[in-house]
Amino acid sequence: MASAYVDEFLPEALQFRPNVPLVDIGANLTHDSFGRDLEAVIQRAQAAQVSTMIVTGTDIAHAEQAILLAQRYPGLYATAGIHPHDARQWNDNVAGKLATLHAKPEVVAVGECGLDFNRNFSTPQEQEKAFEAQLLLASESGLPLFIHERDAGQRMREILNAWRDDISQAVVHCFTADRDTLFGYLDLDLHIGLTGWICDERRGHHLRPLVSEIPLDRLLVETDCPYLLPRNLPAKLKGRRHEPALLPWIVREIAECRGISEADMGAATTQTAQRFFRLPTETVKE
């Protein structure tokens, strides 16, 4: 049945099944664009060996939806947090609801949370307040952090440096910044999530020489779907909506940048994701 779902939507040139199971650490499967065919999206992901998906919860409503998906579909897990765009909504009631969600077994990280000084949909002050409050929740729950950062690397490092002894692990997801920012995060013993941004010749190729600087035990891969459709795909995709079944193409690009095999890259990132999110071993077996 899975192959039938693949054949219905993905051009044959995009039907890529790697030799090892993969973990997509950032899939926005609660996005409205997945409402009409989510079952098929998950089937296609499984056919492409993307056996585990972490569904991103960017506010209370989407975190609750992500948890419901994780309860319904084996291999899916959820995060729960308040995105910096929505930081202005932060209050004690939101904090209490998040703490309750963090206690659920389906939730494997606090976030998406962080700082976005690029768009500033919430003020920097509102963002910092909500972020530090979620750092406190992470320290209390022991869960790792799923972090968003845009144009705020220096302030992010300052805040995380002050909290580093209180939190467990943290990943800066969809990393797009420069070498100095990368090394600042690595010095804080953070994980780095890479997306299809690295496949974009217009704005992402500065990342290619940086890939080898990221230790394999701190490198994670993600689609951030439905956003950031890779530009290295050998065929056009109807509607241009990104989805987890295309993660193998991102892994291929990263492996090429690093000069190792796709299988080694896939195996390493899967093992790293398993440790980071404390996933049961059977969820990522072949």
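This passage describes the sheet, two helix packings and the cysteines of a predicted model.

The sheet is open and consists of 8 strands with parallel pairing, arranged in the order β1-β2-β3-β4-β5-β6-β7-β8. The edge positions are taken by β1 (22–27) and β8 (219–221); each has a single partner strand, so one side of each is left without a neighbour in the sheet. On average, neighbouring strands are turned by 30 degrees against each other, direction ignored. Within the sheet, β3 (residues 76–80) and β4 (residues 107–116) pair in the parallel sense over 3 bridges. Ala 78 has Val 107 in β4 as its bridge partner. Helix α8 (residues 247–258) lies across β1, β2 (50–55), β7 (191–194) and β8. The direction of α8 is at about 105 degrees to β1.

Helices α4 (residues 92–102) and α5 (residues 124–141) pack with their axes 11 Å apart and at an angle of about 30 degrees. The crossing of α4 with α5 is right-handed. On the α4 side the contact involves Ala 95, Leu 98, Ala 99 and His 102, which meet Gln 134, Leu 137 and Ser 141 of α5. Of the residues in this contact, 4 are nonpolar, 3 are polar and none is charged.

The count of disulfides is 0. For Cys 174, the nearest cysteine sulfur is that of Cys 199, at 12 Å, and Cys 174 is in no disulfide. Cys 174 is buried, with a relative accessible area of 1%. Cys 257 is likewise in no disulfide, the nearest cysteine sulfur being that of Cys 199, 8.0 Å away. With a relative accessibility of 16%, Cys 257 counts as buried, because the limit for this class is under 20%.

Note on methods: Residues are numbered from 1 along each chain as its sequence is written. This is a predicted model: local features need pLDDT of at least 70, side-chain atom pairs count only at pLDDT 80 or more; totals for chains, interfaces and linings use all residues. Side-chain values use heavy atoms; hydrogens and water are left out. A disulfide is a pair of cysteine sulfur atoms within 2.5 Å. Buried means under 20% relative accessible area, exposed over 50%, partly exposed in between (1.4 Å probe, protein chains only). Axes are lines fitted to C-alpha atoms, for helices over the stretch in contact, and angles run from 0 to 180 degrees between N-to-C directions. Helices (H or I, at least four residues) and strands (E, at least two) are DSSP runs, numbered from the N terminus. A crossing is left-handed if the near helix is turned anticlockwise from the far one by less than a right angle, and right-handed if clockwise. Contact means heavy atoms within 4.5 Å. Ala, Val, Leu, Ile, Met, Phe, Trp, Tyr, Cys and Pro count as nonpolar, Asp, Glu, Lys and Arg as charged, and the others, Gly among them, as polar. Two strands pair if DSSP finds at least two bridges between them.
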